[in-house]
Amino acid sequence: MIAVSACLLGLNCRYDGGDKRDEELLKNIDCSKIVPFCPEVNILGAPRESIDLFETKYGIKAIGSKTFKDYTSLLENEAKRFFEANPDVKIFYLKSKSPSCALSSAKVYDEDCNLLSQTSTGVFTKKLKIWYKRAKFIER
Ligand code: SF4
């Protein structure tokens with residue numbers, strides 16, 4: 001089974017209501033085995049406020065850009081729910097730069113909004129990596 005960030009499949013689940021359809025990926029994977037996921041749309045719908053990652057004294061937190069609400073626990077719970085429903089996923093294709101889905105390209109800011117890193121893992125993927133020990137993770 002292959003799990004894919006839903007925006008890469010062309011679903012309009014991004015914060016702005018758009019998608020990030022990846023034609024090359026779609027050409028090269030077996031579509032009958034795909035499980036799509038979008039942790040943010042499950043929590044907030046689309047369109048929605050964007051989320052940014054901040055390094056805090058409590059660790060990296062996913063914060064809404066308008067409400068300043070902390071979505072970290074909700075996104076982590078989405079990862080748990082996904083794992084419980086789909087324990088047999090062998091490959092993940094993950095949207096790059098996403099504060100939720102990125103593998104190694106998410107931006108993290110300090111509490112004064114200074115950029116600290118552009119190589120971080122999204123909060124959803126960070127949890128997936130704990131539970132799916134044998135899966136392959138690929139960023140797109
Ligand atoms: S990157 Fe992840 S959270 Fe963002 S729209 Fe795509 S699937 Fe949803």
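**Entry 1. Overall fold**

I began with the contacts of the chain: among those with a separation of 6 or more, 62% are made by residues 24 or more positions apart. I note here that the model is predicted.

I then looked up the dimensions. The C-alpha trace spans about 45 × 30 × 25 Å along its principal axes. I compared the radius of gyration with the globule rule: a compact globule of 140 residues would have a value near 14 Å, and the chain has 14 Å, so the two agree. I recorded 33% of the 140 residues as buried.

For the secondary structure I listed 4 helices and 8 strands. Their sequence from the N terminus on is β-α-β-α-β-β-α-β-β-β-α-β.

**Entry 2. The parallel sheet**

I traced an open sheet of 4 strands, whose order is E2-E1-E5-E8 and whose pairing is parallel. E2 and strand E8 (136-139) are its edges; each has a single partner strand, so one side of each lacks a neighbour in the sheet. From one strand to the next I noted an average twist of 20°.

I examined the pair formed by strand E5 (residues 91-94) and E8: the two run parallel and are joined by 4 bridges. In this register I found tyrosine 93 opposite isoleucine 138 of E8.

**Entry 3. The mixed sheet**

I traced another open sheet of 4 strands, in the order E4-E3-E6-E7, and recorded its pairing as mixed. Its edges are E4 and strand E7 (115-120), and each has a single partner strand, so one side of each is left without a neighbour in the sheet. With direction ignored, neighbouring strands of this sheet are turned by 35° against each other on average.

I followed E6 to E7 and found that they run antiparallel, with 3 bridges between them. For alanine 106 I noted serine 120 in E7 as the bridge partner.

**Entry 4. Helix H3**

I checked the length of helix H3 (residues 72-85). Its 14 residues reach 20 Å from the first C-alpha to the last, close to the 20 Å expected at 1.5 Å a residue.

Which residues of H3 are buried? I listed Thr72, Leu75, Glu78, Ala79 and Phe82. Viewed down the helix axis, the buried residues of H3 fall within an arc of 125°, so they line one face of the helix. On the other side of H3 I found Ser73, Glu84 and Ala85 exposed.

I next asked what covers the buried residues of H3. The cover includes strand E2 (34-37), helix H2 (39-44), strand E4 (59-64) and helix H4 (123-131).

**Entry 5. Helix H4**

I turned to H4, where Val123, Phe124, Thr125, Lys127 and Leu128 are buried. I recorded H2, E4, H3 and E5 as the elements against which the buried residues of H4 pack.

**Entry 6. Leucine 9**

I located leucine 9 in the loop between strand E1 (2-5) and helix H1 (23-28). Is leucine 9 buried or exposed? I counted leucine 9 as buried because 21 C-beta neighbours lie inside 10 Å, where the cut-off is 20 or more.

Setting aside its neighbours within four places in sequence, I listed Val4, Arg21, Leu26 and Pro36 as the contacts of leucine 9. I also noted a C-alpha separation of 9.9 Å between leucine 9 and phenylalanine 37, which are 28 residues apart along the chain.

**Entry 7. Backbone geometry in loops**

I found a cis peptide bond between alanine 46 and proline 47, with omega about -5°. Proline 47 belongs to the loop between H2 and strand E3 (51-56).

I then looked up positive phi values. Phenylalanine 68 is not a glycine, yet its phi is positive, at about 60°. I placed phenylalanine 68 in the loop between E4 and H3. With 10 C-beta neighbours inside 10 Å, phenylalanine 68 counts as exposed.

Lysine 97 likewise drew a note: its phi is near 65°, a positive value in a residue other than glycine. I found lysine 97 in the loop between E5 and strand E6 (106-109). With 13 other C-beta atoms within 10 Å, I entered lysine 97 as partly exposed.

Terms used
Residues numbered from 1 in each chain as written. Predicted model: local features only at pLDDT ≥ 70, side-chain atom pairs only at ≥ 80, totals over all residues. Expected span 1.5 Å × (residues − 1). Buried ≥ 20, exposed ≤ 12 C-beta atoms within 10 Å, placed from the backbone. Arc of directions from axis to C-beta. Contact = placed C-beta atoms within 7 Å. Pairing = 2+ DSSP bridges. Axes fitted to C-alpha atoms, helices over the stretch in contact; angles between N-to-C directions. Rg over C-alpha atoms; globule rule 2.2 N^0.38 Å.
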